Amino acid sequence: MVDERDTVPEVPPLGPGAPQPQPPAPPRLRLGPPPPTDQLRGWIVTWVLTVIAGIVRFIGLNRPTDGGTPVFDEKHYVPQAWQMLRNGGVEDNPGYELVVHPPLGKQLIAIGELLLGYNGWGWRAAAALSGTIMVLLVIRVARRLTRSTLLGAVAGVLLICDGLSHVQSRMGMLDVFAALFTLAAFATLICDRDDVRARLAVVLAEGRIDDSPYGPRLGVRWWRFATGVLLGLGCAVKWSGVYWLAAFAVLTLVFDATARRAAGVRRPWVGTIVRDLAPAVWVLALLPVLVYVGSWWGWFRSETGIDRNVVGYDRGANGVGPDGPWAFLPDALRSLWFYSAHVLDFHAGLTTQVSGQHPWESKPWTWPMGLRPMLYYYASGDKVKGCGTGDCVSAVMLIGTPALWWPAIPVLAWSLWRAVIRSDWRYGAVLVGYGAGILPWLANIDRQMYFFYMAPVAPFLVLATTLVMGEILGRSEAPWERRQTGLLVVGLWVGLAVANFAYLWPILVGVPITPDAWDAQLWLPSWRP
């Protein structure tokens, strides 16, 4: 039996009620929605929240200290930064070789010490400023991802109220600088994506998209250039910046290929290789290396920097004498390579088996929900006053605000579903930034690892949460009741995060509290010493 549908061609119905062919979408809409038009309101919201973030980050910044000295890992970086001010921009510690990170983060700490002195204000000012700028950046990134000023504001509030970001913004440590440059690199990468699509829209409108099967050349891409510089600066703070360098390099090529495909380029992936790969290698491989090497300017110009002049002397088995297969390179670069190998050996040996179990060590699978925070400072007894009793506690704990961190698993699961099944590039991009901060650490789980490694990841958790809140809020054309219900749920979630942050405030900044209040702050057994 033959179905007529298999033999008779389908004829579209005629008449006034028949569906009419839709005109092709304008070139710009084919390549994505335009940015929000409320520019003034967007910047007012951005700056108001940034000022609030600055107040929250800077208030009482000089407390606590360990009798006027740094606390926790500040004891490594703060004195090294102070030494830079007296030693031409470089640490000088040849006897112990305890300088195990590149110089940029310590140089930024040194700027605060130069302006404000060797005190809590001085060695934490640069961190607090970085944490404040991160709020500005996350607002603009979320607004660009969602095309919503409201959701941009939500992202800013969530980052302000994240306990981990707050505490790291008030410590003279390196991780907040790594977080700043990582987030800034992601912001410029998203700007580059929009810029590329805007350029392709012009070509499409002019009818030149088929001039080549590979699509047009895109010219100089200054946003991507900025991305390369920022990723190099991130590596100049901590070597872990290379994880985001690799991840964002792949992401930008995917952005380019999908943009060419959306524009109607006949061979978009080959076109990306032909047109975009070589510029990407320059901007996201060679340029970051140049920026990283440039961050060692103080070491290069010094005479007493660690291993600065190790090449040129006969060191026998060390292989850094005046001869060898790399003799054509300048001695200074070979010395830096030698020194870096020593640093790499230090990190490779920083394992639980070799160095023992650190009391606040944690593993990557505990990080998404912040199950094992870190105690940065603790004082009690006669040394602490101000809680209304004779027995007070002052503590600073690095802890992610539970209202933000505990829903992380469903948020990430939803993001993965949207990225893979619904091909939503926004979730995919945020997951790339998030995964680059966790997945590489799973390669060597015996290494000592700590929750503060999540400082650069926290903004991506905020962005993922904001995207999910956008789904809950609903589209602008959704029915009124649907939108109001979504607004209620989002408002309650954000309000819970703010209230949670306010409740944890005493143990985020070291406010004196009673022992009972301190015990009430420790919600989980894993939060306790």
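Two strands count as paired if DSSP finds at least two bridges between them. I begin there, with a strand pair, and I should say at once that this is a predicted model.

The pair is β1, residues 374–381, and β2. They run antiparallel to each other and are joined over seven bridges. To place one position in that ladder, Ser 380 sits opposite Val 393 of β2.

Now β2 itself, which covers residues 392–398. How many of its residues are buried? Seven of the seven, so the strand is largely enclosed by the rest of the structure. The side chains split between two directions. Cys 392, Ser 394, Val 396 and Leu 398 point one way, Val 393, Ala 395 and Met 397 point the other way, and all are buried.

Cys 392 leads to the next item. Which residue does Cys 392 join in a disulfide? The partner is Cys 387, with an S to S distance of 2.0 Å. The count for the model comes to one disulfide. The angle about the S-S bond is -85°, and the link between Cys 387 and Cys 392 is left-handed. Both Cys 387 and Cys 392 are buried.

Two other cysteines deserve a word on burial, where the cut-off is under 20% relative accessible area. Cys 191 has 13% relative accessibility, so Cys 191 counts as buried. Cys 235 is also buried, because its relative accessible area is 10%.

Next, a helix packing. Helix α16, residues 408–420, packs with helix α18, residues 458–473. The angle is about 70°, and the axes are 10 Å apart. Angles of 65 to 115 degrees count as roughly perpendicular, which means that α16 is roughly perpendicular to α18. On the α16 side, the contact is made by Ala 408, Val 411, Trp 414, Ser 415 and Arg 418. On the α18 side, the residues are Leu 461, Ala 464, Thr 465, Val 468 and Glu 471. By class, the residues of this contact divide into six nonpolar, two polar and two charged.

Last, a proline in a helix. Pro 79 lies in α3, residues 74–86. Is Pro 79 buried or partly exposed? Its relative accessibility is 31%, so Pro 79 counts as partly exposed. Setting aside neighbours within four places in sequence, Pro 79 is in contact with Glu 74 and Tyr 118. As for its distance from Arg 482, the two residues are 403 apart along the chain, and their C-alpha atoms are separated by 56 Å.

Technical notes
Residues numbered from 1 in each chain as written. Predicted model: local features only at pLDDT ≥ 70, side-chain atom pairs only at ≥ 80, totals over all residues. Heavy atoms only, no water. Axes fitted to C-alpha atoms, helices over the stretch in contact; angles between N-to-C directions. Helix = DSSP H or I, 4+ residues; strand = E, 2+ residues; numbered from the N terminus. Parallel < 35°, antiparallel > 145°, perpendicular 65-115°, else oblique. Contact = heavy atoms within 4.5 Å. Nonpolar A, V, L, I, M, F, W, Y, C, P; charged D, E, K, R; others polar. Disulfide = S-S within 2.5 Å. Buried < 20%, exposed > 50% of the residue type's maximum accessible area, 1.4 Å probe, protein only.
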